[in-house]
Amino acid sequence: MANKEEIIAKAKDAITDFDDELAAEVAAEALAAGIDPVELIEKGFTAGMQEVGEQFEQGTLFLPHVLAAAEAMNAGIEVIKPEMEKRKSQTKSLGTIVIGTIEGDIHSIGKDIVASMLNIAGFKVVDLGRDVPIKTFVEKAKEIKPQIIASSALMTTTMVNQIQIEEQLKEAGIRGQVKTMVGGAPVTQDWADKIGADIYGESATDVVSKVKAALL
């Protein structure tokens, strides 16, 4: 039987090889071997997605490759989801986070990874999807009163819309009741500071630790 390191390495290979069948098999193997699902996702699936993302940025892979890698990751996560849900039901929710990719932007891979990691960490995640109008973020903030509103932007042309979330939450009179988080490839800590966002998430792991620090 493969050891933990081998199984995690295989999980990463499943993503970089765009192999959804292998991703599902590895996920089942990891559960049978008693490997922590969080560790499998972080060190296996997410590490594979980051590698694919870097190659995409360098121009050696293209969007269909990124989408195929994301499908493989989703296939693996589907297998371990019941175990994650079981664990979650045994622990109380740490808070509610509304997340979405900003209006005008159809990229969702980074946001999907962040949403999965927050979910695994014990937060209730309301995922609005991609190309989400600013008013939808604000309406959700009023409706479900989350602790955090998180927006992802993958292009410099769409990240300017993150300012609008800040402005419209203020206009609605609820900015003081909710924390805001921004992330995405062109987004930086300087940008978060400039627009007045509370949290800047550099990576999925970074987001989880910062959200915990902000809320717990």
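Me: Where is Glu 29 found, and is Glu 29 buried or exposed?

Reply: First, a caution: this is a predicted model. Glu 29 sits in helix α2, which spans residues 20–32. For exposure, look at relative accessible area. Under 20% is buried, over 50% is exposed, and in between is partly exposed. Glu 29 has 22% relative accessibility, so Glu 29 counts as partly exposed.

Me: Which residues does Glu 29 touch, leaving out those up to four places away in sequence?

Reply: Glu 29 touches Ala 2, Ile 7 and Lys 10. Take Ile 7. Ile 7 and Glu 29 are 22 residues apart along the chain, and 7.5 Å separate their C-alpha atoms.

Me: How many salt bridges are there?

Reply: Look for a side-chain nitrogen of Lys or Arg within 4 Å of a carboxyl oxygen of Asp or Glu. By that rule the count is 11. Lys 12 and Glu 51 make a salt bridge, with 3.0 Å from N to O. Lys 12 belongs to helix α1 (residues 4–16) and Glu 51 to helix α3, so this pair ties together parts 39 residues apart in sequence. Lys 12 is partly exposed at 27%, and Glu 51 is partly exposed at 28%.

Me: Where do Glu 78 and Lys 81 lie?

Reply: Both lie in helix α4 (residues 63–89), three residues apart, or about one turn of the helix. Their closest N and O atoms are 3.0 Å apart, in a salt bridge. Glu 78 is partly exposed at 48%. Lys 81 is partly exposed too, at 33%.

Me: What does Asp 127 form with Lys 111?

Reply: A salt bridge, with the closest N and O atoms 3.0 Å apart. The pair links distant parts of the chain: Asp 127 is in strand β2 (residues 124–127) and Lys 111 in helix α5 (residues 109–120), 16 residues apart. Asp 127 is partly exposed at 37%, whereas Lys 111 is buried at 4%.

Me: Which residues are linked in a network of salt bridges?

Reply: Lys 4, Glu 39 and Lys 43.

Me: Which residues form a nonpolar patch on the surface?

Reply: Phe 56, Leu 63 and Leu 67, with about 240 Å² of accessible area together. Phe 56 is in helix α3 (residues 37–58) and is partly exposed, at 33%.

Me: What does the domain assignment give?

Reply: Domain 1 covers 2–85 and domain 2 covers 94–212. Their contact takes 12 residues from domain 1 and seven from domain 2. Their C-alpha centres are 24 Å apart.

Me: What do domain 1 and domain 2 bury between them?

Reply: About 870 Å², with 82% of it on carbon and sulfur atoms. The salt bridge count between these domains is zero.

Technical notes:
Residues numbered from 1 in each chain as written. Predicted model: local features only at pLDDT ≥ 70, side-chain atom pairs only at ≥ 80, totals over all residues. Heavy atoms only, no water. Patch = residues over 30% accessible without salt bridge, like charges linked within 9 Å, V, L, I, M, F, W, Y side chains within 5 Å. Areas by Shrake-Rupley, 256 points an atom, 1.4 Å probe, with all protein chains shown as cover. Helix = DSSP H or I, 4+ residues; strand = E, 2+ residues; numbered from the N terminus. Buried < 20%, exposed > 50% of the residue type's maximum accessible area, 1.4 Å probe, protein only. Domains from an automatic or database assignment. Contact = heavy atoms within 4.5 Å. Buried area = accessible area lost by both parts, 1.4 Å probe.
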